[in-house]
Amino acid sequence: MCGIIGILGKSPVAASIVDGLKRLEYRGYDSAGVATLEPTGLARRRAVGKLKNLDALLQLSPLGGHAGIGHTRWATHGKPSEANAHPHAAGPVAVVHNGIIENFRDLRAELSAEGINFEGETDTELVAHLVNREIRGGAEPIAAVEATLKRLEGAFALAFLFEGRNDLMIGARRGSPLAVGYGDGEMYLGSDAMALAPFTNRIAYLDEGDWVVLNRAGATVRDEAGKIVKRQVQTSLASATMVEKGSYRHFMAKEIHEQPDVLSHALSRYLDMAQGTVRLPDALPWDFADVSRVTLTACGTGYIAALVARYWFETYARLPVDIDIASEFRYREAPLDPKSIALVVSQSGETADTLAALRYCQANGVRVGSVVNVSTSTIARESDIAFPMVAGPEIGVASTKAFTCSLAVLACLAIAAGRKRGVLSADEERRLVGELMRVPRLVAEALNTEPKIERIAKVLTKASDVLYLGRGTNYAIALEGALKLKEISYIHAEGYAAGELKHGPIALIDETMPVVVVAPKDRWFEKTVSNMQEVQARGGRIILLTDADGAAHAGESEAVLVMPTADPIAAPFVHAIPVQLLSYHAAVMMGTDVDQPRNLAKSVTVE
Ligand code: M6R
């Protein structure tokens with residue numbers, strides 16, 4: 001997750017760009033850079049490390065241009081270095097980028113075959129070269145960017161500046177956020193409204209797939225199909241210290257929609273995307289090759305993330321897993337093997353039962369890793385090693401982005417364990433890393449199905465009970481769906497392993513009971529389809545969450561939501577989206593307090 005800012009100003013912009021970047025430093029700070037249009041042409045200043053290094057460089061070697069773009073980087077492709085720092089340039093084009101270009105290897109090979117040399121290893125640099133290639137072929141900058149965007153796969157935000165075009169800037173948003181700021185004879189682009197707060201409070205948020213052409217008089221926004229669209233200009237209440245909802249009605253909606261972006265950030269922290277490998281801290285307090293067992297424990301949504309991870313550790317690392325809810329685990333008096341490790345998962349890092357479970361493990365000689373969102377929390381500090389999920393502040397009580405970001409961390413840990421234990425080959429690691437790199441885009445595609453999910457959510461609001469079914473990792477998603485629905489809509493819901501249906505819950509089925517089935521076309525699919533038939537034979541009404549292949553083979557359901565096709569390691573991320581959105585829209589229709597549901601607290605620091 002990097003930070004982007006762009007200014008078409010009336011006076012020198014470099015200092016303002018750095019000011020805006022300071023507000024985005026939370027998104028990444030391993031290097032930073034600015035490009036401006038000088039009388040001599042495009043000029044860049046880039047520095048490794050925190051923004052103060054860029055600031056110092058600008059003092060020594062100032063820029064005076066009135067149009068510029070800037071970037072603070074969290075490395076994805078390529079190590080932090082000046083050559084890899086943004087803005088990247090090719091010919092008359094400079095670009096800054098947040099996100100992941102998934103097909104960068106193919107595109108880079110294509111450009112290399114044409115004799116193009118790259119200065120660094122980033123995926124961003126090839127975007128500058130692609131636009132430059134169009135311009136060399138005779139295209140105007142706007143057409144060159146439009147053609148380039150069609151070639152890019154992934155989830156990203158981009159801002160472009162062009163030598164010789166002092167009144168032009170282009171931005172694009174696919175998966176990662178980008179806001180347009182309207183000033184007085186000045187225009188701005190920024191990763192969020194907070195970055196633009198010193199300059200303007202008149203903000204329009206780009207929608208998924210939008211791209212925007214700015215000049216000092218205003219902005220023209222086009223959708224993915226190239227049609228000119230209007231995006232409402234709102235008055236932002238952003239200040240330097242606030243976390244705000246942006247264009248969303250609730251924090252939960254914002255946090256659901258942030259997932260492509262925060263997942264890019266989380267994954268880029270634990271993956272070396274250029275090498276196709278997992279990158280964990282050097283000083284791991286254990287060697288996965290010598291670990292006998294993994295104990296996974298957490299509460300609520302953290303527990304459900306751990307449940308997904310159980311399948312990954314068993315499948316990809318062949319590591320035996322013991323998993324339990326922290327409030328149970330802490331009192332179980334479980335005998336622990338000092339050769340085992342424990343992983344605890346906690347958004348807040350303060351949950352009392354999870355902390356007690358951590359302490360129990362350490363008291364029994366077991367090293368503990370924590371997957372946490374709040375890096376300064378007690379759990380992060382007391383664990384032997386903390387793996388930040390870097391989801392950014394989660395304000396909605398119902399956990400959404402922290403769920404998928406903890407999945408991202410846990411998937412990386414499972415792959416690293418598999419490699420270390422000789423279960424996964426280098427090729428298998430590369431393949432799995434490639435599948436994880438696709439996750440932000442797949443999640444963005446899943447979010448595009450929201451209008452249909454909203455319609456289906458209406459069915460849930462009429463029910464007093466809802467059953468969620470799934471097998472394998474889909475069972476965990478079924479549990480998460482039921483937890484989300486009950487906590488914010490107050491509709492009673494249960495998640496069940498589909499194979500358990502006939503051992504009890506089938507007695508509940510009648511025509512009043514919606515049954516949400518999570519069943520992409522995976523190795524559990526046929527079995528789950530049999531369970532669906534058992535439900536339908538008793539008058540039950542199925543809402544099926546599946547993929548295209550699953551929809552073609554599942555038979556009739558009352559409603560079907562088709563999610564993007566995903567590899568088994570990516571599927572839980574994708575299917576988390578419809579269960580989050582179903583509960584969100586059901587709650588909005590029921591008129592509950594979505595962000596602060598009754599009786600609940602974001603951080604449960606008591607037993
Ligand atoms: O901060 P934690 O992740 O440790 O919190 C654990 C649970 O309290 C939390 O996941 C809770 O279940 C959420 N409200 C679920 O949406």
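**A ligand pocket, its surroundings and the salt bridges**

The ligand occupies the second largest pocket of the structure. A pocket here is an open set of points on a 1 Å grid over the protein atoms alone, with protein on both sides within 12 Å along at least five of seven lines, and a molecule sits in a pocket if more than half of its atoms lie within 2 Å of its grid points. The elements that give two or more residues to the shell around the ligand are helix 9 and helix 16 (473–489). Helix 9 provides the largest share, three residues. Helices are DSSP runs of H or I with at least four residues, strands are runs of E with at least two, and both are numbered from the N terminus.

This is a predicted model, in which local features need pLDDT of at least 70 and side-chain atom pairs count only at pLDDT 80 or more, while totals for chains, interfaces and linings use all residues. Residues are numbered from 1 along each chain as its sequence is written, and side-chain values use heavy atoms, with hydrogens and water left out.

Around the ligand there are 14 residues, of which Ser 346, Gln 347, Ser 348, Thr 351 and Glu 487 come nearest; a residue counts as near if one of its heavy atoms lies within 4 Å of the molecule. On the side-chain part of the contacts, an N or O atom of Thr 351 is 2.4 Å from an oxygen atom of the ligand, and an N or O atom in the side chain of Glu 487 is 2.3 Å from a ligand oxygen atom. Ser 399 takes part through its backbone, with a polar atom 2.8 Å from an oxygen atom of the ligand. Taken alone, the ligand exposes 410 Å², and the protein buries 90% of that; accessible areas come from the Shrake-Rupley method with a 1.4 Å probe, and for residues only the protein chains shown count as cover.

Gln 347, one of the residues that come nearest to the ligand, leads on to Asn 373. The side chains of Asn 373 and Gln 347 make a polar contact at 2.9 Å. A polar contact is a pair of N or O atoms within 3.5 Å; within protein, one must be able to donate a hydrogen and the other to accept it, and residues adjacent in sequence count only if both atoms are side-chain atoms. A polar atom of the Asn 373 side chain also lies 2.9 Å from the backbone nitrogen of Ala 391. Asn 373 is found in the loop between strand 21 (367–372) and helix 12 (378–382). With a relative accessibility of 11%, Asn 373 counts as buried, a class that means under 20% relative accessible area, whereas exposed means over 50% and partly exposed lies in between (1.4 Å probe, protein chains only).

What is unusual in the backbone? Most residues other than glycine have a negative phi, and most peptide bonds are trans. Val 390 has a positive phi of about 40° although it is not a glycine. Val 390 lies in the loop between strand 22 (385–388) and helix 13 (401–420) and is buried, at 13% relative accessible area. Arg 318 also is not a glycine and has a positive phi, of about 50°. Its place is the loop between helix 9 (300–317) and strand 19 (321–325), and at 57% relative accessibility Arg 318 counts as exposed. The bond between His 86 and Pro 87 is a cis peptide bond, with omega about -5°. Pro 87 lies in the loop between strand 4 (67–73) and strand 5 (88–90).

Side chains of opposite charge can pair when their charged atoms come close. The structure holds 31 salt bridges, each a side-chain nitrogen of Lys or Arg within 4 Å of a carboxyl oxygen of Asp or Glu. In one of them, Arg 165 meets Glu 140 at 3.0 Å, N to O. Arg 165 lies in the loop between strand 7 (154–162) and strand 8 (169–174) and Glu 140 in the loop between helix 4 (124–136) and helix 5 (141–151), so this pair ties together parts that are 25 residues apart in sequence. Arg 165 is partly exposed, at 33% relative accessible area.

Glu 429 and Arg 419 form another salt bridge, their closest N and O atoms being 3.2 Å apart. This pair links helix 14 (residues 426–447), which holds Glu 429, with helix 13, which holds Arg 419. Glu 429 is buried at 6% relative accessible area, whereas Arg 419 is partly exposed at 33%. Glu 110, Glu 114, Arg 133 and Arg 151 are linked in a network of salt bridges.

Conventions: 1 Å grid on protein atoms, 1.4 Å probe; cavity = no way out; pocket = protein on both sides within 12 Å on 5 of 7 lines; lining within 4 Å.
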